[in-house]
Amino acid sequence: MLWGIDLGGTKIEGVILDSAENPKVLFRKRMPTEQEQGYKHILNQILKLVTSMSEEAGVSPDKIGIGTPGTLDPKTQKLKNSNTTCYNGQPFKSDLEHILKIPIVMANDANCFALAEAKMGAVKSHGIKAEVVFGVILGTGVGGGVVVNDKIIGGKHGIGGEWGHNHLDDSGGPCYCGQAGCVETILSGPFTQKYYTSLTGKEVHLKEIVELHRAGMDTAATKTINRLTHYFGKAISVVIGIIDPDVVVIGGGVGNIDELYTDGVQSAKDFIFNDDLETIFLKPELGDSAGVFGAAMLVAD
Ligand SMILES: [Zn+2]
C-alpha cells in the first residue's frame with residue numbers, strides 16, 4: 001500500500017492507495033492545518049492524522065510520501081520557498097521522521113501534481129506513452145514539475161521545473177523573488193487581472209475577462225487574453241527547448257482557459273526551434289486530489 005499526505009495551507013489530507021499498478025483509494029482523511037498555531041502544531045497535526053488513519057484503516061505505514069508547499073533544500077535538508085512561511089528554514093523531513101519513526105519521501109506540491117497526472121491522471125487516461133512530462137501550475141503563482149520515466153527530477157537545488165521565475169519580459173515588472181519580469185509576473189492569475197486593470201481602470205475577475213474576450217466586445221479583454229496566450233507560448237517554448245516534453249499538463253485556475261490550448265500552443269509553435277510542435281497539451285484530470293495522489297506515488301518503489 002502507498003501512503004501519501006498533502007500539506008495545504010488550510011488542510012492536511014492523507015490517502016492510502018492500493019498499489020502503484022492499481023492506485024485505488026482505500027482510505028482518505030482530512031484534518032485542518034491550523035498553520036496560525038505554528039510549525040510544532042503542524043507536526044502534531046500530521047502525527048494525529050497518521051495515528052487516526054492507522055487506527056481506522058487497521059494498517060500502519062512503513063514509509064510515507066509527503067507533498068509540501070515549498071521545497072526541501074537538498075544541501076541543508078531544510079524547507080525553503082514555501083508560501084506557508086512557518087515551514088521555511090525548518091528541518092521538516094527529519095523532524096517528521098523523528099516523530100513518525102518511519103522514512104519520509106518529500107516533494108513540493110507542483111512536483112506531486114506532475115507525478116500524479118503522469119501516472120494516474122491526464123497522461124495515463126489518454127494512453128500516452130510519455131517519457132517526459134512537464135506538469136505546470138498556472139494559478140495565483142506559477143510553478144511546475146518535471147517527470148522523466150515516472151520519476152520527479154528535483155534537481156541540484158530542488159528547483160527542477162520551477163519555470164515561474166525564469167525571465168520572460170520586463171513588462172511584468174518586479175516580482176516578490178527579487179527579480180523582475182518573471183514568468184509569474186505575466187502569466188499568473190493576479191498579474192493577468194492587474195494587466196486588464198492597467199488598461200481599463202476596472203478590477204475584473206479573470207473568468208469574466210475571458211468571457212468578455214469571447215463575446216468580442218471588449219478590446220481590453222481581448223488584448224489581455226492574447227497577451228496571456230502569446231507569452232504562455234513564449235515561456236513554454238523555453239522549457240520545450242530544454243527538456244522537450246512529450247506532454248504538458250496545465251493545472252491551476254489559469255490552466256482552465258481553453259485559449260491556452262489553441263492560441264497558446266500556436267504561440268509556442270512560433271517560438272520553438274522546430275517546424276512543427278508535437279507536444280501534447282492536456283488539462284489535468286485529478287482536480288484537488290493530484291497533490292495527495294502524487295505524494296503517495298512518491299513511495300511507489
Ligand atoms: Zn520571480
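Guide: Rings of Phe, Tyr and Trp, the last through its six-membered ring, are paired if their centres lie within 6.5 Å. In this predicted model, F134, W163, F232 and F281 form one aromatic cluster.

Visitor: How many aromatic pairs does that rule give?

Guide: The count comes to 5 aromatic pairs. One of them joins F134 and W163 edge-to-face, with 5.8 Å from centre to centre and 80° between the planes. This pair links distant parts of the chain: F134 lies in strand β8 (residues 132-138), whereas W163 lies in the loop between β10 (151-152) and α5 (184-187), 29 residues apart.

Visitor: Are F134 and W163 buried or exposed, and by what reasoning?

Guide: A residue counts as buried if its relative accessible area is under 20%. F134 is therefore buried, at 1% relative accessibility, and W163 is likewise buried, at 2%. W163 also pairs edge-to-face with F232, at 6.5 Å centre to centre and 85° between the planes. Here too the pair links distant parts of the chain, since W163 is in the loop between β10 and α5 while F232 is in helix α8 (residues 219-243), 69 residues apart. F232 is buried as well, with a relative accessible area of 0%.

Visitor: Where does a charged end sit over a ring?

Guide: The charged end of R227 is placed over the ring of Y195, at 4.0 Å from the ring centre.

Visitor: Let us turn to the metal. Which atoms coordinate the zinc ion?

Guide: The ligands are ND1 of H165 and the SG atoms of C175, C177 and C182, at 2.0 to 2.3 Å. Along the sequence, these donor residues follow the spacing H-x9-C-x1-C-x4-C.

Visitor: What is the geometry of the site of the zinc ion?

Guide: The general reference comes first: four tetrahedral donors have ideal angles of 109.5 degrees at the metal. In this structure the angles among the 4 donor atoms are 106 to 119°, and the site is tetrahedral. Two of the donor residues may be considered for burial: C175 has a relative accessible area of 11% and is buried, and C182 is buried at 1%.

Visitor: How many disulfides are there?

Guide: The criterion is a pair of cysteine sulfur atoms within 2.5 Å. By this rule the count comes to 0 disulfides. C112 illustrates the point: the nearest cysteine sulfur belongs to C86 and is 18 Å away. C112 is nevertheless buried, at 0% relative accessibility.

Visitor: How many residues of helix α10 are buried?

Guide: Helix α10 (residues 290-297) is mostly covered, with 8 of its 8 residues buried. They are A290, G291, V292, F293, G294, A295, A296 and M297. The elements covering these buried residues include the strands β1 (2-7), β2 (11-17), β3 (25-32) and β4 (64-68), together with α3 (109-119).

Visitor: How should one read the surroundings of a single residue, and which residues is V132 in contact with?

Guide: It is useful to begin with the place of the residue in the fold. V132 belongs to strand β8 and is buried at 10% relative accessibility. Leaving aside neighbours within four places in sequence, V132 is in contact with V147, V148, I243, D244, P245, D246 and V247. Separation in sequence and separation in space may also be stated together: V132 and S60 are 72 residues apart in sequence and 33 Å apart in space, C-alpha to C-alpha.

Visitor: The backbone remains. What is the phi of Q77?

Guide: As a general matter, most residues other than glycine have a negative phi. Q77 is not a glycine, yet its phi is positive, at about 60°. Q77 is located in the loop between β5 (71-72) and β6 (79-80), and with a relative accessible area of 37% it is partly exposed.

Visitor: Where is N149, and what is its phi?

Guide: N149 is in the loop between β9 (142-148) and β10. Although N149 is not a glycine, it has a positive phi of about 50°.

Notes: Residues numbered from 1 in each chain as written. Predicted model: local features only at pLDDT ≥ 70, side-chain atom pairs only at ≥ 80, totals over all residues. Heavy atoms only, no water. Donors = N, O, S within 2.8 Å, 3.2 Å for Na, K, Ca; no water. Tetrahedral: all angles 85-135°; square planar, octahedral: opposite > 155°, others 65-115°. Buried < 20%, exposed > 50% of the residue type's maximum accessible area, 1.4 Å probe, protein only. Phe/Tyr/Trp six-rings, centres within 6.5 Å; stacked < 30°, edge-to-face > 60°. Helix = DSSP H or I, 4+ residues; strand = E, 2+ residues; numbered from the N terminus. Lys NZ or Arg CZ within 6 Å of the ring centre and 35° of its normal. Contact = heavy atoms within 4.5 Å.
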